[in-house]
Amino acid sequence: MAEVPAAVSGGWAPVAAGLLGTLAVAAALFDGALAERAAGARLGTGRPVGEVARLLRQRRRTTVAADRLLWRIGGAGLLGMALMIVTVVPLGRWTLFDLAVGVVWVNALDVLAWAFVWLTGWGANSAYTMVGGYRFLAHGLAYELPLMFALVAPAVAASSLRVGEVAAAQQGLWFVVWMPVAFVVYCLGVVAIAVWGPFSPALGRDLAGGVTAELSGVDRLLFLAGRYALLAAGAAFAVPMFLGGGAGPLLPAWAWVLVKATVLLAVLVWLRRRVPALRPDVFMEVGWLVLLPAVLLQDLLVAVIVIGG
Amino acid sequence: MLTHLVFWGLAVVAVLAGVAVFVVNSMARASYSLALSFIAVGLQVLLLQQLYVGVLVILMMVMEMAIMAVYMNMFMGMNPAMMSMNMVHGARHALPVSVGVFLLLAAGALFAPWPSRRGSPPEDVTVALGTELMGPKMLTMGVVGVVMAATIVSGVVLAAHRTRYDRFGDDLRRRRVADPQPGGVGR
């Protein structure tokens, strides 16, 4: 069994934030390149850079009677969520916050997406953003329980809620190999909390941008950055949960964590243009009648194997 | 010392956010003030080393308040421009009663002869708390939980307007379910 990571001083928090930021920027650049290619350009990553520059100098749009406090909290919240998630993700031998219930911690944080996305929709006092917020919650009713039970499987297999111990428990065989259903449902959950790809109807073009319809300037930049950061944090958390943590040949453990997180993140970003949008009303039934039973069976299987083996 | 300061700071936040629930004028603000109050309490529980319980309090309460805000806003048809809601009803009687209850409970907490600590805290305080609360009745509690979930499901089934006869036809032989709401699993 590999060594369980040790907590480092809180002074390293900016480094963790920097790594998350780098991953998020890389994801945005990759998505920009894919967008350019879809638009017919040969090669180009300039789109996100130009967008950031534009948003930084754009004047804030105001709406009548907006609930400004809650609006701003919602818009900036996603980025905060992502930062809090990576505090418990071990980077090889180090972890920032060695919490004994790290898995539940991440679960508590992913629930905050319900609050933040809906508040961003509510705060603007606009019909389109409000409808977008409700679309997200309709998705949420369908993805949240499967996501919770997907997180249960690795914790049961490792008999621990400490993220480092979950990573250390899969030295022989990665959890993704023998709990693929939980892994897929987890990835679906990550995509959902980032309001990404199939879960983007909350930001739909048919709603003039949905939740983001009235966001402008820095507020819009924070919200978009939060989505990329959540994708990155979700991919990073999948590494100790399903992808064997820092296990791998040649490279040191911390490098393997980064490599695995980057690859998964790239796949999640790429999926955006490959998977159709899920209508909330249709997905509701898929979530409750397909995903939830499937992931519960996965949990049962894992529990039986753990007790029997 | 720092832990004490943080604990008391969180206590103040929890009480003030709780008061704010009755002061603000929209359901969204009331719900999320309550959520903030519960988050402060959850962090206090974390400081007591009840890690699992503390994180769970935060998880449950944020989700609960998100759902409450949504339903309240839906049923009351609110938007941020319509900030005229009053969270207090029957204030003339409710106010003295609630102040009295608060003083009574606070006095109980302050003046009760708390026992002094004997021995040291156990290794895993969460397990100790669970055993202390439930003890030999753990199995009973587990069964009660399942019965409660079953009760909720049957309650919803009994209360549902449409029955299986509406969906599958009088002889329950219809292959394609007739639902007013389109669904995702083959219909």
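**Helix packing, core and chain contact**

Helices H1(A) and H9(A) are roughly perpendicular to each other (65 to 115 degrees; under 35 counts as roughly parallel, over 145 as roughly antiparallel, the rest as oblique). The model is predicted: local features need pLDDT of at least 70 and side-chain atom pairs pLDDT 80 or more, while totals for chains, interfaces and linings use all residues. Residues are numbered from 1 along each chain as its sequence is written, with chains lettered from A and ligands numbered from 1 in the order written.

**Exercise 1.** State how many helices and strands chain A has, and in what pattern they follow.

Step 1. Count the elements: chain A has eleven helices and two strands (DSSP runs numbered from the N terminus, helices being H or I of at least four residues and strands E of at least two).

Step 2. Read along the sequence: the pattern is β-α-α-α-β-α-α-α-α-α-α-α-α.

**Exercise 2.** At what angle do H1(A) and H9(A) pack, and which residues meet?

Step 1. Locate the helices: H1 covers residues 13-38 and H9 residues 217-242 of chain A.

Step 2. Read the geometry: the angle is about 110° and the axes are 8 Å apart (lines fitted to C-alpha atoms over the stretch in contact, with angles from 0 to 180 degrees between N-to-C directions).

Step 3. List the residues: A:Leu20, A:Leu23, A:Ala24, A:Ala27 and A:Ala28 in H1(A) meet residues of H9(A) including A:Tyr228, A:Leu231 and A:Ala232 (contact: C-beta atoms, placed from the backbone, within 7 Å).

Step 4. Sort by class: eleven residues are nonpolar, none is polar and none is charged (nonpolar: Ala, Val, Leu, Ile, Met, Phe, Trp, Tyr, Cys, Pro; charged: Asp, Glu, Lys, Arg; polar: the others, Gly among them).

**Exercise 3.** Which residues touch the most other members of the largest nonpolar core?

Step 1. Name them: among its 131 residues they are A:Ala82, A:Tyr186, A:Leu231 and A:Ala232 (a core joins buried Ala, Val, Leu, Ile, Met, Phe, Trp, Tyr and Cys through C-beta atoms within 7 Å; buried means 20 or more other C-beta atoms within 10 Å, exposed 12 or fewer, partly exposed in between, with C-beta atoms placed from the backbone).

Step 2. Find the main supplier: H9(A) gives the largest share of this core, 17 residues.

Step 3. Take one member: beyond its neighbours within four places in sequence, A:Tyr186 is in contact with A:Leu147, A:Ala150, A:Leu151, A:Ala238 and A:Phe242.

**Exercise 4.** Describe the side of chain A that touches chain B.

Step 1. Count: 28 residues of chain A are in contact with 21 of chain B.

Step 2. Assign: H4 (102-123) and H11 (280-308) of chain A each supply at least two residues of this side, and H4(A) gives the most, with eleven.

Step 3. Classify: this side of chain A has 22 nonpolar, three polar and three charged residues.

Methods. Two residues are in contact if their C-beta atoms, placed from the backbone, lie within 7 Å.
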